[in-house]
Amino acid sequence: MKRPDAAVYDVKLPMVEIFETVEGEGTRAGFPTVFVRLFGCNLRCTWCDTKYSYPPAEAEHVLTIGQIVEQATSYSSTHLCLTGGEPLLYGDKSASLIEALVATGRFTDLHIETNGAIDLGMFLERIDAPEVRYIMDYKLPDSGESDKMITANLVKLRSQDELKFVIGSERDFLAAKEVLSAYPTAALPLFSPVWETMPPARLVSLMLEHGLSRVKLNMQLHKIIWDPAKRGV
Ligand SMILES: Nc1nc2[nH]cc(C(=O)O)c2c(=O)[nH]1
Ligand code: SF4
Ligand SMILES: [Mg+2]
């Protein structure tokens, strides 16, 4: 991908943190990864584990796209996770950040954790780079935000993308199963237990009982390795 225009590198974005750790989730779990966490979110999930990424908390700092790129490339990881909050909240600016990160040529995998309440159409059309992948959440009833889901995204996701359901209860499990049968998707479905309310063994039993052989269990490695409340890991 060609380097974006010089003016793009001066565009400012509200930020929480940039750090390096191992990816805790999804198909790339375990790989050393740079995390770029943007500030701001258009949802308020009941079980959110990053409440410091939107008001009433404040952005830790405002960085230009040039500064974000400089910090993200100061580590040796070749995987990058763009997260938040909701990293696609800033539309054209979010797309420009992704393009600038791609243009470094440093990242062999650049995945974006998005919350299902942002239309992915513009991003998928504009950003043509095989290393860019979307990990879309589908918010279930326990989150309190299931009515915000843009179901049109599901058919747009590609086989390299992932569709993550965070499951807090049997009600959530049944709703996730329903979504998968109602909206065909090429993305890999991931079922992730809510840390506080869904014992992983219970979720595995439900998956086996219902014969969901296309679905992958997704454990948050970082909550197993470190204190679940610890930031920046
Ligand atoms: N290690 C680690 N892996 C993660 N995968 C997704 C994360 C996120 O906060 O979006 C996350 C995170 O915060 N830490
Ligand atoms: S979308 Fe993510 S960051 Fe936003 S409230 Fe829900 S869990 Fe938290
Ligand atoms: Mg997290």
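Helices here are DSSP runs of H or I with at least four residues, strands are DSSP runs of E with at least two, and both are numbered from the N terminus. Welcome to this predicted model, in which local features need pLDDT of at least 70, side-chain atom pairs count only at pLDDT 80 or more, and totals for chains, interfaces and linings use all residues. Residues are numbered from 1 along each chain as its sequence is written, while chains are lettered from A and ligands numbered from 1 in the order in which they are written. A good place to start is the open sheet of nine strands.

**The sheet**
- The strand order is β3-β1-β2-β4-β5-β6-β7-β8-β9, with mixed pairing (two strands pair if DSSP finds at least two bridges between them).
- At the edges sit β3 (61-64) and β9 (216-217), each pairing on one side only.
- Six bridges join β7 (residues 162-167) to β8 (residues 188-193) in the parallel sense.
- Within β8, S192 is the bridge partner of V166.

**Helices on the sheet**
- Helix α5 (residues 170-182) packs on the sheet and touches β7 and β8 (contact means C-beta atoms, placed from the backbone, within 7 Å).
- The direction of α5 makes about 155° with that of β7 (axes are lines fitted to C-alpha atoms, for helices over the stretch in contact, and angles run from 0 to 180 degrees between N-to-C directions).
- Helix α6 (residues 200-209) lies across β7, β8 and β9, at about 140° to β8.

**A pair of helices**
- The axes of α1 (residues 65-72) and α2 (residues 92-103) come within 10 Å and cross at roughly 40°.
- The two helices, α1 and α2, are therefore oblique to each other (angles under 35 degrees count as roughly parallel, over 145 as roughly antiparallel, 65 to 115 as roughly perpendicular and the rest as oblique).
- I65, I68, V69 and A72 of α1 meet S96, L97, A100 and L101 of α2.
- This contact of α1 with α2 has seven nonpolar residues, one polar and no charged (Ala, Val, Leu, Ile, Met, Phe, Trp, Tyr, Cys and Pro count as nonpolar, Asp, Glu, Lys and Arg as charged, and the others, Gly among them, as polar).

**Around the ligands**
- Ligand 1 is surrounded by T21, V22, E23, G24, E25, T50, C81, T83, E113, H222 and V233 (C-beta atom, placed from the backbone, within 6 Å).
- Strands β1 (12-22) and β4 (79-83) each give two or more residues to the shell around ligand 1.
- That shell around ligand 1 divides into three nonpolar, five polar and three charged residues.
- Residues around ligand 2 include C41, C45, C48 and T50.
- The shell around ligand 2 has four nonpolar, five polar and two charged residues.

Key:
Contact = placed C-beta atoms within 7 Å.
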